[in-house]
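Please find below a short report on a single structure. Its topics are the nonpolar core, the ligand site and one glutamate.

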Amino acid sequence: MKLKNCNNTSDFRELARRRLPGPIFHYIDGAADDEVTYRRNTQAFDDCDLVPNVLAGVEQIDMSAVVMGKKLDMPIFLSPTALQRLFHYQGERAVARAAEKFGTLFGISSLGTVSIEEIGESISTPKMFQLYFHKDKGLTNAMIDRCKEANFDAVALTVDTIVGGNRERDLVTGFTSPPRLTARSLLSFALHPRWALNYFLREKFELSQLKDHVQEGTDISLSVSEYFSTMLDQSMDWQDAEAVRKRWGGHFCLKGIMSVEDARRAVDIGATAIMVSNHGGRQLDGSRAPFDQLAEIVDAVGGSIDVICDGGIRRGTHVLKALSAGATACSGGRFYLYALAAAGQPGVERALSNMRTEIERDMKLMGARSIADLGRHNLRYRGPARL
Ligand SMILES: Cc1cc2nc3c(=O)[nH]c(=O)nc-3n(C[C@H](O)[C@H](O)[C@H](O)COP(=O)(O)O)c2cc1C
């Protein structure tokens, strides 16, 4: 199987599975408990059908969306994800450059492996920093200040990792950051020599935003779930979130909002966006899917705040359904992470190109010339009426 044969997210997933040591693949692919929410995130789109209009003169399509004041050429952006240089040695550099080529927003994680400063200097596409609220206030504040210095466009505070999710695949494989060198992990590296040579012979692995404050994750191995449970501040509340917004002073997003009440509070504390998200099913299993929850959140706060549908998106039609339900735009993690692991920057570019082609084709088939043409009128939910 080759990159040129990757036509959809499942193809990229299969190539990533072949190219990565097992523990690393399962860290990307896995989710919490029985992974019910993870599966539902994508299945939710199948409970709803698109109703096209025709004869709409669709030669020219404008799929741009405005998110936190920035015009994006595509209505989907790249959610922040941790540890990218473990998946491919180009890591965040590959993802950011691909986002730049496609004119979309790039999110970089607090657990990123390339620094805020490097991304700030080298990438011109809109940049969002994802903040984890650490017990170490000096670290949390330093990350906010570094984003200001580096001219980031937005900060997203993740609010759904107050403790680590129960990621059982990581328990089984023993996945940690950095990877622990055990007989088992060394065997999985030996079976993937290309990955192993890149990991051991290229730039040393580090968590670039954290390494000057904490050793965990860079020099001391631990699982991501343990990191959340031990390093993040479980007393974080709405006042803290508002204080982060004030210290940052720019466009501010809350990532991991699922209820209407919380969406309203996000507006009250002056957030400019929310990501309706359950962390890709990696935290609370049994939590509702973002797409299932989207319409009621849009009805409550749409117009006052940007509403992003994050999670489960694998196809252009999923993006169209979320936009029709009222999302400002969509975002996703695994759809580009599998591609990164499969083939670095060309992989992420191909994933974005496939997505753009699908969205364009699907908009034409829907008779929508711009995303403003999409609305509830072109959606029908199966089962009891929900609109
Ligand atoms: C491997 C992996 C690492 C992630 N790391 C982070 C992270 O560091 N911070 C964060 O807020 N979300 C993180 N997420 C969640 C994503 O930002 C996003 O919410 C999720 O991937 C969306 O679901 P999808 O993968 O189905 O698109 C991660 C997701 C994955 C798959």
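The text below takes up the core, then the ligand, then a helix residue.

This is a predicted model, in which local features need pLDDT of at least 70 and side-chain atom pairs count only at pLDDT 80 or more, while totals for chains, interfaces and linings use all residues. Residues are numbered from 1 along each chain as its sequence is written, and side-chain values use heavy atoms, with hydrogens and water left out.

The largest nonpolar core (buried Ala, Val, Leu, Ile, Met, Phe, Trp, Tyr and Cys residues joined through side-chain atoms within 4.5 Å; buried means under 20% relative accessible area, with a 1.4 Å probe and protein chains only) has 131 residues. Helix 16, residues 334–366, gives the largest share of this core, 16 residues; helices are DSSP runs of H or I with at least four residues, numbered from the N terminus. Leu83, Phe87, Ile274, Phe291 and Leu294 have the most contacts inside the core. Contact means heavy atoms within 4.5 Å. Not counting residues up to four places away in sequence, Ile274 touches, among others, Cys253, Leu254, Ile297 and Asp306.

Around the ligand there are 23 residues (a heavy atom within 4 Å), of which Pro80, Ser109, Thr158, Asp310 and Gly333 come nearest. Polar contacts, pairs of N or O atoms within 3.5 Å, are listed here.

| Residue atom | Ligand atom | Distance |
|---|---|---|
| Ala82, backbone N or O | nitrogen | 3.0 Å |
| Thr158, side-chain N or O | oxygen | 2.8 Å |
| Asp310, polar side-chain atom | oxygen | 2.5 Å |

The protein covers 99% of the 600 Å² of accessible area that the ligand has on its own, by the Shrake-Rupley method with a 1.4 Å probe.

Glu349 is in helix 16. Glu349 has a relative accessible area of 16%, so it counts as buried. Outside its neighbours within four places in sequence, Glu349 contacts Ala98, Lys101 and Phe102.

Terms used
Buried < 20%, exposed > 50% of the residue type's maximum accessible area, 1.4 Å probe, protein only. Helix = DSSP H or I, 4+ residues; strand = E, 2+ residues; numbered from the N terminus. Polar contact = N/O pair within 3.5 Å; in protein donor to acceptor, adjacent residues only side chain to side chain.
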